[in-house]
Amino acid sequence: MLGVTGITKQFNDVVILDDVSFEVHSGQALALTGPNGSGKTTLLRCVVGADIPDEGDVLLDGRPLVESDPEVRAAMACALDDADFFAELSVVEHLELLARAHGIADPGPVVSLVLSELDLVGQRDQMPVTLSSGQRRRFTLGACLVRPRKLLVLDEPEQRLDVAGRAWLAERLRQEKAEGCAILLATHDPDLTDAVADYTLELG
């Protein structure tokens, strides 16, 4: 599903990524591990097209991954740490809009289920800016789960989740794999890695 070959990225004279290659197949998960500053987030940003690598190629389902390509947008759901929200829309309006934009004709049942899973039913009518940091993290994950997806790209999805939330996340990602989704995640949580990852790639 995802093929990354020879990704190299540097900022000024500092090499962040040096010839990184890997594959992620449908129904499998690859965990990126390593200390802060090792390039995990930069690699994810290069994979999804938010940053342009100095060298290397990224293929999605055998085709060059171009972030503006509608087929790429339809297949790839991302939860990066710098996710933007529609400030004028409530939580439920935001999720329903995303679901409709990705072809869900009647998003109500899907959105309600995801809000329940994420324990955000009580916040459905709030504006995203009013959510706590943990609630915003769950909301960001929810934006991935209300839409069809073949590839999930997650940057430290366990951040700001409590123990119950991390247990839910591990089970949800195992479910995603069972349904054929490919997962690429950066994480500092060894328990999440053990529970979900088929392979690991340590950076730094």
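How much space lies in the largest cavity? In this predicted model, about 50 Å³ of space lies in the largest cavity, and the close-up views below begin with that cavity before turning to strand β8 and to the salt bridges.

**View 1. The largest cavity and its lining, to which α6 gives the most residues.** A search of the whole structure finds one cavity of 30 Å³ or more. The lining is made up of L141, L145, L152, L154, W168, L169, R172, L173 and E176, and the elements that give two or more residues to this lining are α5 (133–145), β7 (151–155) and α6 (163–178). With five residues, α6 gives the most. By residue class, the lining of the largest cavity divides into seven nonpolar residues, no polar ones and two charged ones.

**View 2. Strand β8, with buried residues on both faces.** Strand β8 comprises residues 182–186, and because five of these five residues are buried, the strand is largely enclosed by the rest of the structure. On one side of β8 the covered residues are A182, L184 and A186, while on the other they are I183 and L185.

**View 3. Strand β8 in its pairing with β3 and with β7.** Strand β3, residues 29–33, pairs with β8 in the parallel sense over four bridges, and within this region A31 stands opposite L185 of β8. Strand β7 is also joined to β8, here by five bridges, and these two strands likewise run parallel; L152 has I183 in β8 as its bridge partner. The chain passes from β7 through α6 to β8, and the β-α-β crossover that results is right-handed. L152 is also one of the residues that line the largest cavity, and I183 is among the buried residues of β8.

**View 4. R63 and its salt bridges with D69 and E71.** The count of salt bridges in the model comes to nine, and two of them are shown here through their shared residue, R63. In the salt bridge between R63 and D69, the closest N and O atoms are 3.0 Å apart, whereas the side chains of R63 and E71 meet at 2.4 Å, N to O. What relative accessibility does D69 have, and is this residue buried or exposed? D69 has a relative accessibility of 15% and therefore counts as buried, the cut-off for that class being under 20%. R63, at 38%, counts as partly exposed, and E71, at 53%, counts as exposed.

**View 5. The salt bridge between R172 and E117, and the network that holds both residues.** The side chains of R172 and E117 meet in a salt bridge at 2.8 Å, N to O. Because R172 lies in helix α6 and E117 lies in helix α4 (residues 108–117), the pair ties together parts that are 55 residues apart in sequence. R172 is buried, with a relative accessible area of 8%, whereas E117 is partly exposed, with a relative accessible area of 27%. A network of salt bridges links E117, R149, R172 and E176, and of these residues R172 and E176 also appear in the lining of the largest cavity, which connects this view with the first.

Terms used:
Residues numbered from 1 in each chain as written. Predicted model: local features only at pLDDT ≥ 70, side-chain atom pairs only at ≥ 80, totals over all residues. Heavy atoms only, no water. 1 Å grid on protein atoms, 1.4 Å probe; cavity = no way out; pocket = protein on both sides within 12 Å on 5 of 7 lines; lining within 4 Å. Points joined across faces, edges and corners; volume = space filled by probe spheres on them. Nonpolar A, V, L, I, M, F, W, Y, C, P; charged D, E, K, R; others polar. Buried < 20%, exposed > 50% of the residue type's maximum accessible area, 1.4 Å probe, protein only. Pairing = 2+ DSSP bridges. Right-handed = clockwise from strand over helix to strand, strands pointing away. Salt bridge = Lys/Arg side-chain N within 4 Å of Asp/Glu carboxyl O.
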